[in-house]
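Reader: I have a chain open in my viewer and would like to talk it through with someone. Shall we take it one feature at a time?

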Amino acid sequence: MNNETSPLFLPNTKTLDVTVLVFSGASLMCVASTIDPMRAANRVSGSNLFKWRIVSLDGEPTMTTCGLPIAVSGSFDTSEKGDMLLVVGGFGTSDIARTTFTANLRRAVHNYQMIGGIEAGSWLLGRAGLLSGRKATTHWEDMEEFTAEFPDADIRPDRYVIDGPVFTSGGASPTFDLMLHLIRSRYGMSVALDVASVFIYDEAHASNDAQPLVSLGRLDDVHPKLAGAIRLMESHIDTPLTIGAIAKRCGLSARSLEKIFAKAVGEGPGRYYLRLRLKVARRLITDTRSPLADIAARTGFSSAAAFTRTFRSFEGKPPSAFRSVH
């Protein structure tokens, strides 16, 4: 369970002073999930529950992954004080974390009651030594590398994690959940429900729900057998199950599972499962420096040669071609 010891998550009507530090390469949805719940809380309450300012490292607008810039009010000042510092990172943040910024972050954190790492912002917190001995999370795509990078932290696959004065979030939707939790804890259920209603948002997950490899949406309700099969596949990437074993665990015959996949997905479960494993492999190729032999093993292939043949047949190029252009 999360260790919510921060007074910021206790009932209080005082305005919360928040600094949002956004890095280029961040997701626009992550930025919006961080800021818009605060704006909506002010609107539905008719008062200034939140005061926030958006800053960047150099005071220049930051560019999100979709190409839209985020206007900022200035550069990040380590001497400024506030209640909460939120660090929103994305592609390239891991490299920024190797600069002298981490030393500045260690100095700045003493000026805030809480600090949060949003998506790749968690890498910055980790490099600054702020996750040592604490529970934390990051986006599911980076989970293995993040765990290896910070062995002194208790890395979890949760949607978001709060541990004392530090919290981390795995992505846009978990961040929205986190902000709603903050609003509910601090300003009451009524305000939180009104904020959720502004966005027609149904909060269906707990903080410690695992981040899924495949987001199934309402599929759990519409076709629970299909959803269950996909969940089994995503939890057995390195040691693939047979289609017969998956069908049996779902209470189906292999033939019935084939029919369900053909009708709902447009391809058989075997091919879908293979594509799922190759999707994970492609991410590891482009986003990590892991040897191809290791990637082959981590995605359930008996050898690097077998992995390369299969990858080429699906992608039209060998794995090395994707790595060479990264």
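**A walk through the chain**

Author: Happy to! One thing to keep in mind as we go: this is a predicted model.

Reader: Thanks, noted. Let's start with the overall make-up: how many helices and strands does the chain have?

Author: Some context comes with the count. The chain runs to 326 residues, and buried residues make up 50% of them. Among contacts with a separation of 6 or more, 65% are between residues 24 or more positions apart. As for secondary structure, the chain has 15 helices and 11 strands.

Reader: I spotted cysteines. How many disulfides does the structure hold?

Author: Let me take two cysteines before the total. Cys66 is partly exposed, at 47% relative accessible area, whereas Cys250 is buried, at 10%. A disulfide is a covalent bond between the sulfur atoms of two cysteines. A search of the whole structure for such pairs gives a count of 0.

Reader: On to strand β1, then. Is Leu21 buried or exposed?

Author: Leu21 sits in strand β1, residues 16–22. Leaving aside residues up to four places away in sequence, Leu21 touches Val55, Ser56, Leu57, Phe76, Leu85, Leu86, Val87, Val88 and Phe101. Its relative accessibility is 0%, and the cut-off is under 20%, so Leu21 counts as buried.

Reader: How far apart are the C-alpha atoms of Leu21 and Ser56?

Author: Along the chain, Leu21 and Ser56 are 35 residues apart. Ser56 is also one of the residues that Leu21 touches. In space, their C-alpha atoms are separated by 5.5 Å.

Reader: Which residues of α1 and α7 make the contact between these helices?

Author: Two packed helices are described by the angle between their axes and the distance between the axes. Here α1 (residues 28–45) and α7 pack at an angle of about 115 degrees, with the axes 9 Å apart, and the crossing is right-handed. The contact is made by Pro37, Ala40, Ala41, Arg43 and Val44 of α1, together with Val191, Asp194, Val195 and Val198 of α7.

Reader: Now for the rings. What kind of aromatic pair do Phe176 and Phe199 form?

Author: The structure holds 12 aromatic pairs, and this is one of them. The ring centres of Phe176 and Phe199 are 5.2 Å apart, with an angle of 85 degrees between the planes. Planes over 60 degrees apart put a pair in one class, so Phe176 and Phe199 are edge-to-face.

Reader: And which parts of the chain does that pair tie together?

Author: The two partners have their own settings: Phe176 is buried at 8% relative accessibility, while Phe199 is partly exposed at 27%. The positions are 23 residues apart in sequence. The pair therefore ties helix α6 (residues 172–187), which holds Phe176, to the loop between α7 (189–198) and α8 (219–222), which holds Phe199.

Reader: How are the rings of Phe301 and Phe307 arranged?

Author: Both residues are buried, with relative accessible areas of 11% for Phe301 and 0% for Phe307. They belong to one aromatic cluster with Phe311 and Phe322. The centres of the Phe301 and Phe307 rings are 5.3 Å apart and the planes are at 55 degrees, an arrangement that is tilted.

Reader: Which residue lies over the face of Phe301?

Author: Phe301 is a member of that aromatic cluster. At 4.4 Å from its ring centre, over the face, lies Arg277.

Reader: Where is His236, and which residues does it touch?

Author: His236 is in the loop between α9 (224–234) and α10 (243–249). Its relative accessible area is 18%, so the residue is buried. Not counting residues up to four places away in sequence, His236 touches Leu241, Arg249 and Tyr273.

Reader: One last backbone query: what is phi of Glu119 near?

Author: Most residues other than glycine have a negative phi, and most peptide bonds are trans. Glu119 lies in strand β7 (residues 114–119) and is buried, at 17% relative accessible area. Its phi is positive, near 50 degrees.

Conventions:
Residues are numbered from 1 along each chain as its sequence is written. This is a predicted model: local features need pLDDT of at least 70, side-chain atom pairs count only at pLDDT 80 or more; totals for chains, interfaces and linings use all residues. Side-chain values use heavy atoms; hydrogens and water are left out. A disulfide is a pair of cysteine sulfur atoms within 2.5 Å. Buried means under 20% relative accessible area, exposed over 50%, partly exposed in between (1.4 Å probe, protein chains only). Rings of Phe, Tyr and Trp (its six-membered ring) pair if their centres lie within 6.5 Å; planes under 30 degrees apart count as stacked, over 60 as edge-to-face and the rest as tilted. Helices (H or I, at least four residues) and strands (E, at least two) are DSSP runs, numbered from the N terminus. A charge sits over a ring if NZ of Lys or CZ of Arg is within 6 Å of the ring centre and within 35 degrees of the ring normal. Axes are lines fitted to C-alpha atoms, for helices over the stretch in contact, and angles run from 0 to 180 degrees between N-to-C directions. A crossing is left-handed if the near helix is turned anticlockwise from the far one by less than a right angle, and right-handed if clockwise. Contact means heavy atoms within 4.5 Å.
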